[in-house]
Amino acid sequence: MTAEVRRNTLPVRNPRTGEIDYHITPPTADEVAAITARQREAQKDWAAAPIEHRAAVLRKWAEEIDKNRKAIVKAESTDTGRYRIPSEGPDGVIWSIRGWADSAPEIVKKAMLEGTSSTVPHVRYRSQLKPYPLLGVISPWNFPMMLSAIDAVPALMAGSAAIIKPSEVTPRFVEPLMETIQKVPELAKVLTYVVGGGETGQAVIDNVDIVCFTGSVATGRKVAEACARRFIPVFLELGGKDPVIVTENADVDRAADAVLRGSVYATGQICYSIERVYVQEKIHDAFVDKLVKKAEQIELNYPDIHNGHIGPFIFAKQAGIVDEQIDDAVKHGAQVRTGGKSQNLGGGLYMRPTVLTGVTHDMKVMRDETFGPVIPVIKYQTKDDAVKLANDTEFGLSGAVIAGSEEEALELGQQIDAGGISLQDTTLTISILRDAEKTSFNLSGMGGSRMGPASILRFFRKKALMTNTKPPSDMRNIRELPAA
Ligand code: TXE
């Protein structure tokens, strides 16, 4: 190893042991430029091939992912300190590939418009969809493989090439995943991963034609600014502070189940986790009692990764952020009904589901993204109050309503300013991946929908080709008009 390589190497912490047991060596900016130049050349043939051909190549990739599942799961499990979610990770990407391979040809065909002008009837038009040559993906650490592939798969189907820079916090899955890409040589020319931190992300932005970013608001802002300087489109999927409203007609038991799962699944490290709970005052106490009882049945998956329900914080700093929010809430009068601060177990940082009452919107825990298993509950009187509280946020990613009936939930859900609203449950967003479209409000994101048919259409430049079916107008007949 040369001195220069050592200087560039980044340490990676194991979230279960706290030890540095892996290193990555990011490419230099020149290397990123060289990789992307090769991808640009290969993209020409990739885009020229019929979409059905690209679908067939991507299906081969799905088969290779399936074959290498064991190694991928092991690596992502070490990256994240949990087992169940990584074991489903390959399936998430395989389903995405197969789903897009089935649906993309029809979606693209439908978007190709052809007809006669409604204003100038002798003009005929037709569409051409030209993929952006090269997509840059910058992704976070909470669902390393899934979030690295979620935008790249439809982009590849559209005919773009893609370079992906996943989070430096969870890069282990890249090695076994790259093996699967190498097994499909045609794909390997147009799809690659590079490992590294913010500087590598910046080098990617400097060399691509369009960017999809998932991560924090602060970094998202920097990425958007860098893209604006280069005049390239950027799609931002950022954080959330998702509310749930529980009405007095709700089934208390069912509501407590939905809120608990929505808040603590994946240790709360999901962008659309439930982070604020508004409960009608008549059922508030019964709801909190149930929630606390159920929360106390949740077990940490320590010491055995194959037992229990929730794992450690993936990113050590996140535990500190969540602890600080709880401290701030308690200092300002909140009560911890169960759970509490993070604990170091065998080097990993864990937190039990933590239910808070007596919280207000002045507290950090009700304003800033938490990204931990914390459930702050506030009681409300009227439905108007509940909607006002739900919308009193800088974010607008998703939300939820649990009511006596779907109609009652729908009425409130329509008033919440967020892109994906779950009714009679929480966190249903991922279920509409290729079906319905949603865009974020406020600081939760920018750009078109990552979900539904619009997702793939983001990766095309849209051209219109127009034909005049009559002789062209003669300029000599286009005279100025006399005064009216
Ligand atoms: O995100 P970052 P992190 C939120 C959550 C968490 C916070 C920080 O609140 O506390 O984000 O998480 C790359 N130019 N979410 O640290 O820092 C970086 O290397 C280009 C919400 O992961 O935003 C990584 O690959 N790229 C989220 C990616 O940006 C840069 C999920 C995200 O890093 C860069 C995860 C730069 N200047 C965390 N600096 C969600 N909504 O799903 C860093 N990066």
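## G340 and its surroundings

At 12% relative accessibility, G340 counts as buried, because the cut-off for that class is under 20%. The model is predicted. G340 sits in the loop that joins β12 (335–338) to β13 (343–345). Setting aside residues up to four places away in sequence, G340 touches I326, M351 and T354. P86 is another matter. G340 and P86 are 254 residues apart in sequence, and their C-alpha atoms are 27 Å apart in space.

The loop between β12 and β13 also holds K341. K341 forms a salt bridge with D327, with the closest N and O atoms 3.4 Å apart. D327 belongs to helix α14, and the two partners are 14 residues apart. How accessible is K341, buried or partly exposed? K341 counts as partly exposed, at 44% relative accessibility. D327 is partly exposed too, with a relative accessible area of 37%.

## Domains

The protein chain is divided into two parts. Domain 1 covers 10–238 + 440–466, and domain 2 covers 242–432. Their centres, taken over C-alpha atoms, are separated by 30 Å. The contact between them takes 28 residues from domain 1 and 36 residues from domain 2.

## Nonpolar cores

The largest nonpolar core has 88 residues. Which of its members touch the most others? They are W61, I65, L187, V211 and I456. Helix α5 (residues 84–111) gives this core its largest share, nine residues. Why does the core lie between the domains? Domain 1 and domain 2 both give residues to this core, so it lies between them.

I456 shows what such a position looks like in detail. Leaving aside neighbours within four places in sequence, I456 is in contact with W100, A104, I107, V108, P154, M157 and A158. Another core lies apart from the largest one. This other core has 28 residues, including V264, V288, V355 and V377.

## Salt bridges

A search of the whole structure finds 24 salt bridges. Three of them are listed here.

| Salt bridge | N to O distance |
|---|---|
| K44 and E41 | 2.8 Å |
| D102 and R59 | 2.7 Å |
| K341 and D327 | 3.4 Å |

K44 and E41 both lie in helix α2 (residues 29–48). They are three residues apart, so about one helical turn separates them. E41 is exposed, with a relative accessible area of 51%.

The bridge between D102 and R59 links distant parts of the chain. D102 is in helix α5, R59 is in helix α3 (residues 51–67), and their positions lie 43 residues apart in sequence. Are the two partners exposed or partly exposed? D102 counts as exposed at 55% relative accessibility. R59, with a relative accessible area of 29%, is partly exposed.

Some charged residues go beyond single pairs. D151, E237, R450 and R458 are linked in a network of salt bridges. R458 has a second role in this picture: R458 lies over the face of F235, at 5.0 Å from the ring centre.

## Aromatic rings

R82 is another charged residue found over a ring. The charged end of R82 sits over the ring of F143, 4.9 Å from its centre.

Ring-to-ring contacts come next. A pair of aromatic rings is described by the distance of the centres and the angle of the planes. How many aromatic pairs are there? The count comes to four. One of these pairs is W141 and F315, with 5.6 Å from centre to centre and 45° between the planes. That pair is tilted, because the angle is neither under 30 degrees nor over 60.

W141 and F315 come from distant parts of the chain, 174 residues apart. W141 is in the loop between β5 (134–138) and α6 (144–149). F315 is in the loop between α13 (281–296) and α14 (316–331). W141 counts as buried, at 11% relative accessibility. F315 counts as partly exposed, at 25% relative accessibility. Which residue joins W141 and F315 in a cluster? Ring pairs link both of them with F371.

Note on methods. Residues are numbered from 1 along each chain as its sequence is written. This is a predicted model: local features need pLDDT of at least 70, side-chain atom pairs count only at pLDDT 80 or more; totals for chains, interfaces and linings use all residues. Side-chain values use heavy atoms; hydrogens and water are left out. Rings of Phe, Tyr and Trp (its six-membered ring) pair if their centres lie within 6.5 Å; planes under 30 degrees apart count as stacked, over 60 as edge-to-face and the rest as tilted. Helices (H or I, at least four residues) and strands (E, at least two) are DSSP runs, numbered from the N terminus. Buried means under 20% relative accessible area, exposed over 50%, partly exposed in between (1.4 Å probe, protein chains only). A charge sits over a ring if NZ of Lys or CZ of Arg is within 6 Å of the ring centre and within 35 degrees of the ring normal. A nonpolar core is a set of buried Ala, Val, Leu, Ile, Met, Phe, Trp, Tyr and Cys residues joined through side-chain atoms within 4.5 Å. Domain bounds come from an automatic or database domain assignment. Contact means heavy atoms within 4.5 Å. A salt bridge is a side-chain nitrogen of Lys or Arg within 4 Å of a carboxyl oxygen of Asp or Glu.
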